[in-house]
Structures are given as structure tokens and as C-alpha cells.
Amino acid sequence: MQDEKFQSIVHLSLDTLKQCYQDYQPHEVAVAFNGGKDNIATVHLVHAYLQKHYPEQRGRTLSALYITEADQFSEVSDFIKATQHSYQLDLLTLPGPMKGAVDQF
């Protein structure tokens, strides 16, 4: 039963990505990224979607926005850097708080 629910969520997510890329070109899309498990799942899905549906884009970077926090663990920073490399993220890093950073973005 849980596998079916998980598959349903993945399919809904992929449908959302399909709609997004029908409305926007790959270079017009950015993902928010803070290193959390939900965000890494999102980055993974978007990356996989791009690889499948835009193979001519391979090697191009995915734009991502990372909003930093004042007191961040070094492990989080290390993970962000490793993920940036693994997924070829064009990572724009802005200081928090969230509203100000999003306004600046």
C-alpha cells in the first residue's frame, strides 16, 4: 500500500514538472535548495526529468537558490557543496531571512 502511495506522489510530482516545462524553458526554471531531504528529492526529480526530456541540455546546469542561515552547521555547508557538484547546480547563495532573499532573487 505504501509503495502505491509513494508512486502516486512521484507521478504527481512529475506531472507538475511536465506542466512547468510546458510553461517555461529549462533556463527559466530554478529550484529552491536548502539541503533538506525534501529539497534533495526535488533536485533529484528535476535533474532526472531534465535528463530524460531535454537530453540536449546535458552538461548544462540547473539553477538553484540557496538561502543561508546565520548559524549553520559545517556539515550542511559541506553537503550543499557536494550536491552542487553532483547535480551540476548553478547555485545562487543569498543570506536570509527568506523574504528578503526571495525579493532579491
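This report describes the sheet, the helices packed on it, and several individual residues of a predicted model.

## The sheet and its strands

The core topic here is a sheet made of three strands, which is open and has the order E1-E2-E3, with parallel pairing. Strand E1 covers residues 30-32 and pairs with E2 over three bridges, in the parallel sense, while strand E3, which covers residues 89-95, pairs with E2 over seven bridges, also in the parallel sense. Because E1 and E3 stand at the edges and each has a single partner strand, one side of each is left without a neighbour in the sheet. From one strand to the next, the twist averages 25°.

Individual residues show how these pairings are made. Serine 63 in E2 is the bridge partner of alanine 30, and on the side of E3, leucine 91 is the bridge partner of alanine 64, just as threonine 93 in E3 is the bridge partner of tyrosine 66. Strand E2 itself runs over residues 62-68, and five of its seven residues are buried, so the strand is largely enclosed by the rest of the structure.

## Helices against the sheet

Two helices can be followed in relation to the strands. Helix H2, residues 37-53, lies across E1, E2 and E3 and runs at about 160° to E1. Helix H3 packs on the sheet as well, where it touches E2 and E3, and its direction makes about 150° with that of E3. Taken in order, E2, helix H3 (residues 74-86) and E3 make a β-α-β unit, and this unit is right-handed.

Which residues does threonine 83 touch, if those up to four places away in sequence are not counted? This residue has its place in helix H3, and its contacts of that kind are Phe33, Ile40, Gln88 and Leu89. Threonine 83 has a relative accessible area of 5%, which is under the 20% limit, and therefore it counts as buried.

## Asparagine 39 and its surroundings

Asparagine 39 is a residue of helix H2, and since its relative accessible area is 17%, below the cut-off of 20%, it is classed as buried. When its neighbours within four places in sequence are left aside, asparagine 39 is in contact with Ala32, Phe33 and Asn34.

Two of these contacts can be described in finer detail, through the polar atoms of the side chain. A polar atom of the asparagine 39 side chain lies 3.4 Å from the backbone oxygen of alanine 32, and the side chain of asparagine 39 also reaches the backbone nitrogen of asparagine 34, at 3.0 Å. A separate distance concerns leucine 89, which is 50 residues from asparagine 39 along the chain: the C-alpha atoms of asparagine 39 and leucine 89 are separated by 13 Å.

## A cluster of tyrosine rings

A pair of aromatic rings is described by two values, namely the distance of the centres and the angle of the planes. A search of the whole structure finds two aromatic pairs. In one of them, the rings of tyrosine 21 and tyrosine 49 have centres 5.6 Å apart and planes at 15°, and because planes under 30 degrees apart count as stacked, this pair is stacked. The pair links distant parts of the chain, for tyrosine 21 belongs to helix H1 (residues 2-23) and tyrosine 49 to helix H2, with their positions 28 residues apart in the numbering. Both tyrosine 21 and tyrosine 49 are buried.

How is the pair of tyrosine 21 and tyrosine 54 arranged, in terms of its centres and planes? Here the rings are tilted, with 5.6 Å from centre to centre and 55° between the planes. This pair, too, links distant parts of the chain, with tyrosine 21 in helix H1 and tyrosine 54 in the loop between H2 and E2, 33 residues apart. Tyrosine 21 is buried, having a relative accessible area of 5%, and tyrosine 54, at 18% relative accessibility, counts as buried as well. Through these ring pairs, Tyr21, Tyr49 and Tyr54 are linked into a cluster.

Methods
Residues numbered from 1 in each chain as written. Predicted model: local features only at pLDDT ≥ 70, side-chain atom pairs only at ≥ 80, totals over all residues. Heavy atoms only, no water. Buried < 20%, exposed > 50% of the residue type's maximum accessible area, 1.4 Å probe, protein only. Helix = DSSP H or I, 4+ residues; strand = E, 2+ residues; numbered from the N terminus. Pairing = 2+ DSSP bridges. Right-handed = clockwise from strand over helix to strand, strands pointing away. Polar contact = N/O pair within 3.5 Å; in protein donor to acceptor, adjacent residues only side chain to side chain. Contact = heavy atoms within 4.5 Å. Phe/Tyr/Trp six-rings, centres within 6.5 Å; stacked < 30°, edge-to-face > 60°. Axes fitted to C-alpha atoms, helices over the stretch in contact; angles between N-to-C directions.
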